[in-house]
Structures are given as C-alpha cells and as structure tokens.
Amino acid sequence: MNDIMIALFGLGDKLASHVLLAAAALALGISVALPLAVWASRSPPVAKIVLGFASLVQTIPALALLALFFPILLSLRVVFGEGLPTLGFLPALLALALYALLPILRNSVTAREHMAAGVLEAADGVGMTGWQKLRLVEAPLAAPYIMAGIRTAAVWTIGAATLSTTIGQPSLGDPIFAGLQTQNWALVLAGCVASAGLAIIADTLLGAVERGFAERKKWLIWGGAAIAALGVITAAWSLRDRSDEDAIVIGAKSFSEQYILAQLVGKQLEDAGYAVEYRDGLGSAVVHNALTSSEIDISFDYTGTLWTNQLKRNDNPGRAVIYDTLVEWERETTGTLVLGKLGFENAYALAMRQDRAEELGITTIADLARRSSQLTVGGDVEFFDRPEWIAVRDAYGLNFERQRNFTTTFMYDALTGGEADVISAYTSDGRIVADKLVIIEDTKEAFPSYDALLMVSPEAAQDQKLIDTLSPLIGAISVDQMREANLAVDRLDDKQSPRDAAAALATAIGL
C-alpha cells in the first residue's frame with residue numbers, strides 16, 4: 001500500500017496532462033456535437049448520417065483510433081507544413097473528441113424528438129423566431145438530457161485518454177503501461193486509481209450541473225461548472241513552465257529495455273546540459289516515422305526490425321551487410337543518422353522452458369516444426385504480423401495448433417505458467433536465464449540479426465555537441481550487461497525502476 005501511495009503522489013504532471021487532454025477533447029466534442037444535434041433535430045436525413053457516423057466511430061477501438069491519427073496528420077503535413085504535430089496532444093485531442101461525440105449527439109437528438117409538441121407549437125404561436133425558440137424553449141428543456149450525455153462522454157474520454165501514451169502524449173496511461181511492462185503493479189494500480197478517481201470527480205461535478213438544469217437551480221449549475229473549470233485551470237497552471245521547446249525528445253518502444261536505454265541516454269544528455277523529454281510506449285512503425293520526421297530526436301531500434309519493416313526485405317545477407325545497407329538507406333531516404341551499434345544484439349528467437357523442450361526432444365526450429373501442430377505459440381502484440389515471423393514460419397513449415405498474443409510481460413508468464421509452449425523471446429532479456437528457458441536453434445538463419453542501434457533524427461543530427469555526447473555509448477554495452485539491467489527491472493523481487501537500472505548500467509559501462 002505504501003508503494004501505491006508513493007506512486008500516486010508522483011503522478012502530478014501526468015494527472016495534470018490527463019486533465020487538460022480530457023477537458024480539451026470533451027470541450028471540442030461538445031462544440032461539434034451541439035450544432036450537429038440542432039441541425040439533426042430539424043432534418044431526419046442529417047440525423048441518420050451524423051448518428052451513423054458517431055456510432056461508426058464508437059465501433060473503432062480507442063487504441064486504433066488514436067494510432068490512425070498519426071499517419072493522417074503525417075500526410076497532412078503536405079498541406080500544413082512540417083510544423084504540424086503528428087504525435088502527442090493534437091492526435092490525442094482529435095481522436096478523443098471524436099470518441100466523445102456519440103453520447104452527446106444521441107442524447108441531444110433524443111431530447112428534441114421527445115419534446116412535447118404543444119410546447120413547441122406554443123412557442124410558434126407567440127411568434128418566436130427559430131433562434132428564440134432554440135434559446136428560450138428547446139435548450140432549457142433539453143439541457144438535463146444533454147448533460148447526461150456529456151457526463152457519459154466525460155467518463156469515456158477520461159478512460160480512453162490513458163491510451164494516448166501510445167502516441168506520445170503524457171497521461172495517466174504512462175504509469176499503467178510502464179507498470180504492465182515491468183510488472184510494477186504499484187504503478188499500474190496508481191494509474192488506475194487516479195484515472196478512476198478523476199472520472200468520478202468529473203461525473204459528480206457534471207451531475208451537479210445536470211441536476212441544476214433539471215431543478216432550475218442556477219447555483220448548482222454555476223457551482224459545478226466553476227469547480228470543474230478551476231480544476232482545469234489549476235492543471236494548466238501546474239504545467240505552464242514544464243514544456244521546453246528546445247528539449248531533446250527521446251522515443252522508446254513499450255518494453256523494459258527501451259525504457260532503460262531512454263533513461264541511460266537521457267541522463268547522459270542532462271549531464272551535458274540538455275533538457276530532456278521522454279515519449280514512451282510507442283510502436284515500431286510509429287517511433288521510426290516520428291524519428292524521421294524529427295517529431296522525436298533520438299530512438300533505439302534493431303537492424304532486423306528496420307530490415308523487415310522499413311526495407312521490406314526478408315533475406316539474410318549477413319550482419320555486416322544488413323547494417324551497412326541500413327545506414328546508407330536511412331541517410332539517403334530519410335536523412336536519419338544511424339549513430340552506431342550499442343554493442344549488443346536483442347534478436348527475436350523462439351524459446352521454450354528447458355524441461356518442456358527436453359521432454360519433447362526439441363533443440364532446433366526444424367524439431368519444433370514436427371511437433372508444432374500439437375503446441376501453442378505465444379508472441380508479443382505485433383509479432384505475428386511482422387515479416388520476420390512469416391519468414392520463419394514459411395522457412396520451417398510451422399503450423400501451431402494455437403496462436404496467442406500477449407504483452408511482453410505476460411508472454412513470459414504464459415510460458416512459465418504453461419499457457420504457451422513456445423514464445424517469441426528476446427535474446428537480451430534477463431528472464432531467459434532467470435526462468436531457465438532455452439533458445440531453439442535457427443539452423444536456417446531465417447531470423448535476421450538484431451543489433452541494437454542508436455538513431456538520431458535529421459534535425460538533431462545537425463547538433464555536433466549532441467553527437468559527441470552520445471558517441472561514448474557506441475559499442476559500450478555487452479549483451480550480458482543489458483540482460484542484467486533488463487532483469488533488474490523485470491524481476492518480481494528487489495525490482496528496480498528503469499532509471500535506477502539505467503544508472504547501474506551507466507556505472508557498469510564506465511559512464
């Protein structure tokens with residue numbers, strides 16, 4: 001319980017960012033939904049279209065909706081210029097505002113449809129204009145129902161805003177995602193408690209406004225609205241000096257190693273006098289596009305990932321050729337600087353529990369293929385859609401009885417707990433040794449090499465001081481050192497934070 005309280009008190013910036021994002025998205029949703037609702041209430045065809053669209057948006061998972069705005073905004077840079085943000089607040093705002101539309105629209109249209117005809121006829125009878133009827137009759141009668149829709153939208157928006165972490169927007173999703181990946185359940189619970197508490201407070205305040213409209217009590221309306229506005233203003237005030245346009249932005253994917261590397265590089269830059277910001281939990285495609293467009297300044301990637309995802313290659317010409325080709329391709333195609341290899345490889349590999357592999361007589365992937373029809377394979381959330389998996393599957397004729405996706409943390413738990421027979425492990429993961437796993441030999445070399453790379457955006461690559469600051473990291477980290485750092489974060493007992501693990505790693509490599 002003490003760990004949860006400590007985590008909760010450390011969420012100030014994340015909570016403030018979450019409040020601002022949810023409030024802005026709700027305000028934008030209301031400003032779009034209410035005019036549409038008025039139009040829809042006067043035109044059945046319009047009502048059918050707008051409600052159909054809002055309902056369609058709701059069928060898209062919030063995570064997918066957030067992710068879709070990244071390529072949309074990236075393509076719009078052709079029109080609005082390179083300064084258009086593609087990560088962070090703007091895509092999160094637009095996606096969440098769309099998500100808030102349906103309950104507000106539906107309640108507004110329904111309230112107008114069920115309004116007593118006699119009241120509206122009376123308004124027409126006394127000669128009210130359309131605007132007067134809307135302002136003096138329809139709006140007051142519909143207000144309690146509209147507020148009910150806004151309350152629903154607020155709760156949905158606050159909950160969905162936790163997913164904005166995946167597109168680089170700070171929120172209460174940061175501790176939840178980080179905690180899930182590192183098995184720090186105090187962080188997960190702290191993020192969940194804070195998000196749920198915020199939703200309850202927002203619902204209570206908006207409920208007071210709703211009750212004020214229903215009971216014609218202005219003090220309830222203005223009191224609830226004023227307290228809510230004060231909360232948003234306080235959140236904005238607390239963040240007023242936190243953003244630094246000159247800060248170096250470090251992007252990281254959603255697993256422990258990337259969190260550690262981000263903290264390692266961040267501390268190196270801070271010691272050199274740079275301000276640093278972190279964008280954690282990004283997907284492989286998102287982080288590369290963000291780097292090449294200078295939306296982030298530094299990232300960590302792997303040769304095999306870039307070889308298959310960006311160059312669309314499924315051959316394996318060897319480690320040296322892959323690296324040299326990637327360096328040249330990035331320089332000529334994206335302008336991104338591959339500063340160099342960090343010194344270790346974190347390859348995809350198929351792994352099994354040692355006792356299970358010995359029981360089935362499996363040492364190579366060819367052995368595994370002969371048994372695969374009776375086995376369950378587990379992979380991380382993107383593995384089975386990656387070209388590497390397709391290449392390995394086809395090279396060996398793998399045909400598993402069942403295929404399951406997990407987050408990285410739960411993938412290893414699934415293997416040790418018997419929920420999966422084989423998983424797509426990472427060779428620099430400390431849990432391979434700790435959990436007594438064995439790597440199944442890839443005799444056909446279907447998996448490419450996965451040397452860890454330090455990459456710098458086209459814009460940041462012009463800063464020679466930055467390059468000089470990062471250069472000592474090239475070739476400095478061995479796979480054993482990285483495994484030890486990863487295990488320090490991933491283990492259940494005596495767990496370290498990514499920042500502490502990064503500090504220990506820095507000492508180990510002599511920084």
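**Exercise 1. Find the surroundings of threonine 427 in this predicted model.**

Start with contacts. Leaving out residues up to four places away in sequence, threonine 427 touches Glu345, Asn346, Ala347, Ala349, Ile432, Val479 and Arg483.

Next, place the residue. Threonine 427 sits in the loop between strand S8 (422-426) and helix H19 (431-434).

Now look at the side chain. One of its polar atoms lies 3.4 Å from the backbone oxygen of glutamate 345. A polar atom of the threonine 427 side chain also lies 2.8 Å from the backbone nitrogen of alanine 347.

Last step: is threonine 427 buried or exposed? Its relative accessible area is 17%, and buried means under 20%. Threonine 427 is therefore buried.

**Exercise 2. Do the same for aspartate 301, then name the partner of its side chain.**

First, the address: aspartate 301 belongs to strand S3 (residues 298-302).

Second, accessibility. With a relative accessible area of 2%, aspartate 301 is buried.

Third, the neighbours. Setting aside those within four places in sequence, aspartate 301 is in contact with Lys253, Val287, Leu306, Asp451, Ala452, Leu453 and Met455.

Finally, the partner. The side chains of aspartate 301 and lysine 253 make a polar contact at 2.8 Å.

**Exercise 3. Work out how helices H8 and H18 run relative to each other.**

Begin with the axes. Those of H8 (residues 173-182) and H18 (residues 408-416) come within 6 Å and cross at roughly 30°.

Turn that angle into a word. Angles under 35 degrees count as roughly parallel, so H8 and H18 are roughly parallel to each other.

Add the handedness: H8 passes H18 in a left-handed crossing.

Which residues make the contact? From H8 they are Leu180, Gln181 and Thr182, and from H18 they are Thr408, Thr409 and Phe410. Sorted by class, this contact has two nonpolar, four polar and no charged residues.

**Exercise 4. Stay with H18: list its buried residues and say what covers them.**

Step one, the list. Thr408, Thr409, Met411, Tyr412, Ala414 and Leu415 are the buried residues of H18.

Step two, the cover. It includes H8, strand S5 (348-353), strand S6 (376-379), S8, H19 and strand S9 (437-439).

Step three, look just past the helix. Right after H18, glycine 418 takes a positive phi of about 85°.

**Exercise 5. Compare the directions of H9 and H10.**

Take the geometry first. The axes of helix H9 (residues 185-215) and helix H10 (residues 218-238) come within 7 Å, crossing at roughly 160°. That makes H9 roughly antiparallel to H10.

Then check the handedness: H9 passes H10 in a left-handed crossing.

Now find who meets whom. On the H9 side are Leu205, Ala208, Val209, Arg211, Gly212, Phe213 and Glu215. On the H10 side are Leu220, Ile221, Gly224, Ala225, Ile227 and Ala228.

To finish, sort them. The contact of H9 with H10 has nine nonpolar, two polar and two charged residues.

**Exercise 6. Look at lysine 312 and glutamate 445: where are they, and what sign does phi have in each?**

Lysine 312 comes up in the loop between helix H13 (303-309) and helix H14 (319-334). Its phi is positive, about 60°, although lysine 312 is not a glycine. At 66% relative accessibility, lysine 312 counts as exposed.

Glutamate 445 is in the loop between S9 and strand S10 (451-456). Its phi is near 50°, a positive value in a residue other than glycine. At 54% relative accessibility, glutamate 445 counts as exposed.

**Exercise 7. Describe proline 140, and say how far it is from tryptophan 39.**

Locate proline 140 first: it is in helix H7 (residues 130-160). Then read its accessibility, which is 28%, so proline 140 counts as partly exposed.

Now the distance. Proline 140 and tryptophan 39 are 101 residues apart in sequence and 17 Å apart in space, going from C-alpha to C-alpha.

**Exercise 8. Step back and sum up the whole chain.**

Count the elements: the protein chain has 22 helices and ten strands.

Get the dimensions. Its C-alpha atoms fill a box of roughly 85 × 55 × 50 Å along the principal axes.

How many residues are there, and what share is buried? Of the 511 residues, 50% count as buried.

End with the contacts that have a separation of 6 or more. Residues 24 or more positions apart account for 77% of them.

How values were computed. Residues are numbered from 1 along each chain as its sequence is written. This is a predicted model: local features need pLDDT of at least 70, side-chain atom pairs count only at pLDDT 80 or more; totals for chains, interfaces and linings use all residues. Side-chain values use heavy atoms; hydrogens and water are left out. Axes are lines fitted to C-alpha atoms, for helices over the stretch in contact, and angles run from 0 to 180 degrees between N-to-C directions. Helices (H or I, at least four residues) and strands (E, at least two) are DSSP runs, numbered from the N terminus. Angles under 35 degrees count as roughly parallel, over 145 as roughly antiparallel, 65 to 115 as roughly perpendicular and the rest as oblique. A crossing is left-handed if the near helix is turned anticlockwise from the far one by less than a right angle, and right-handed if clockwise. Contact means heavy atoms within 4.5 Å. Ala, Val, Leu, Ile, Met, Phe, Trp, Tyr, Cys and Pro count as nonpolar, Asp, Glu, Lys and Arg as charged, and the others, Gly among them, as polar. Buried means under 20% relative accessible area, exposed over 50%, partly exposed in between (1.4 Å probe, protein chains only). A polar contact is a pair of N or O atoms within 3.5 Å; within protein, one must be able to donate a hydrogen and the other to accept it, and residues adjacent in sequence count only if both atoms are side-chain atoms.
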